[in-house]
Amino acid sequence: MPRLWKRNTVIAGLGAFAVVAFVFKKSAELEKRTIYPRVWIPSMMWSKQFKDNDDPYFQPPKSL
């Protein structure tokens, strides 16, 4: 076993977490649906498009 393997594992884990967090944040900022979904989808919780309620005719989708 290499020396300091626990420290290296923590550093690699934090680096991976930082990359995933950045990609998630950027993806949520850029997400724009041209057609509203017919059913609820998880990305509606963090998408600005569904939080802003800028469309007065938008009706939230109903569960199946």
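**Serine 43 and the loop between the two helices**

Serine 43 sits in the loop that runs between α1 (5-30) and α2 (48-52). The model is a predicted one, and the account below starts from this residue, moves to its partners in the loop, and then turns to helix α1, the surface and the segment before α1.

The chain as a whole contains two helices and zero strands. It has 64 residues, of which 17% count as buried. Serine 43 belongs to the buried class, because its relative accessibility is 11% and the cut-off for burial is under 20%. When neighbours within four places in sequence are set aside, the contacts of serine 43 are with Glu31 and Arg33. Its side chain is joined to that of glutamate 31 by a polar contact of 3.0 Å. A polar contact of 3.4 Å links the side chains of serine 43 and arginine 33.

Both of these partners deserve a closer look. Glutamate 31, like serine 43, is placed in the loop between α1 and α2. Beyond four places in sequence, glutamate 31 is in contact with Ser43, Trp46 and Ser47. Glutamate 31 also has a side-chain polar contact of 3.3 Å with arginine 33. This pair qualifies as a salt bridge as well, with N and O at 3.3 Å, because a side-chain nitrogen of Arg lies within 4 Å of a carboxyl oxygen of Glu. Side chains of opposite charge can pair in this way when their charged atoms come close.

Arginine 33 is likewise found in the loop between α1 and α2. With 31% relative accessibility, arginine 33 is classed as partly exposed, whereas serine 43 is buried. Leaving out residues up to four places away in sequence, arginine 33 touches Ile41, Ser43, Gln49 and Phe50. Of these, Gln49 and Phe50 carry numbers that fall in α2 (48-52). A further distance relates arginine 33 to serine 47: the two are 14 residues apart in sequence, and their C-alpha atoms are 9.6 Å apart in space. Taken together, the side chains of glutamate 31, arginine 33 and serine 43 are linked pairwise by polar contacts: 3.0 Å between glutamate 31 and serine 43, 3.3 Å between arginine 33 and glutamate 31, and 3.4 Å between arginine 33 and serine 43.

How many salt bridges does the chain have? The count comes to three, and one of them is the pair of arginine 33 and glutamate 31 already described. Another joins the side chains of lysine 25 and glutamate 29, with a distance of 2.8 Å from N to O. Lysine 25 and glutamate 29 are four residues apart in helix α1, so about one helical turn separates them. Glutamate 29 is partly exposed, its relative accessible area being 35%.

Lysine 26 also forms a salt bridge with glutamate 29, and here the closest N and O atoms are 3.7 Å apart. These two residues stand three apart in helix α1, so they too are separated by about one helical turn. Lysine 26 has a relative accessible area of 38% and is therefore partly exposed. Through salt bridges that share partners, Lys25, Lys26 and Glu29 are joined into one network.

The surface can be considered next. The chain exposes about 5,900 Å², and carbon and sulfur atoms supply 65% of that area. Phe24, Trp40, Met45 and Trp46 make a nonpolar surface patch of about 430 Å². Tryptophan 46, a member of this patch, is located in the loop between α1 and α2. Its relative accessible area is 33%, so tryptophan 46 is partly exposed, and that value satisfies the patch requirement of over 30%. Tryptophan 46 is also among the residues in contact with glutamate 31.

One backbone feature remains, in the segment before α1, where leucine 4 is placed. The phi of leucine 4 is near 60°, a positive value in a residue other than glycine. Most residues other than glycine have a negative phi. Leucine 4 has a relative accessible area of 46%, and so is partly exposed.

Technical notes
Residues numbered from 1 in each chain as written. Predicted model: local features only at pLDDT ≥ 70, side-chain atom pairs only at ≥ 80, totals over all residues. Heavy atoms only, no water. Buried < 20%, exposed > 50% of the residue type's maximum accessible area, 1.4 Å probe, protein only. Polar contact = N/O pair within 3.5 Å; in protein donor to acceptor, adjacent residues only side chain to side chain. Contact = heavy atoms within 4.5 Å. Areas by Shrake-Rupley, 256 points an atom, 1.4 Å probe, with all protein chains shown as cover. Patch = residues over 30% accessible without salt bridge, like charges linked within 9 Å, V, L, I, M, F, W, Y side chains within 5 Å.
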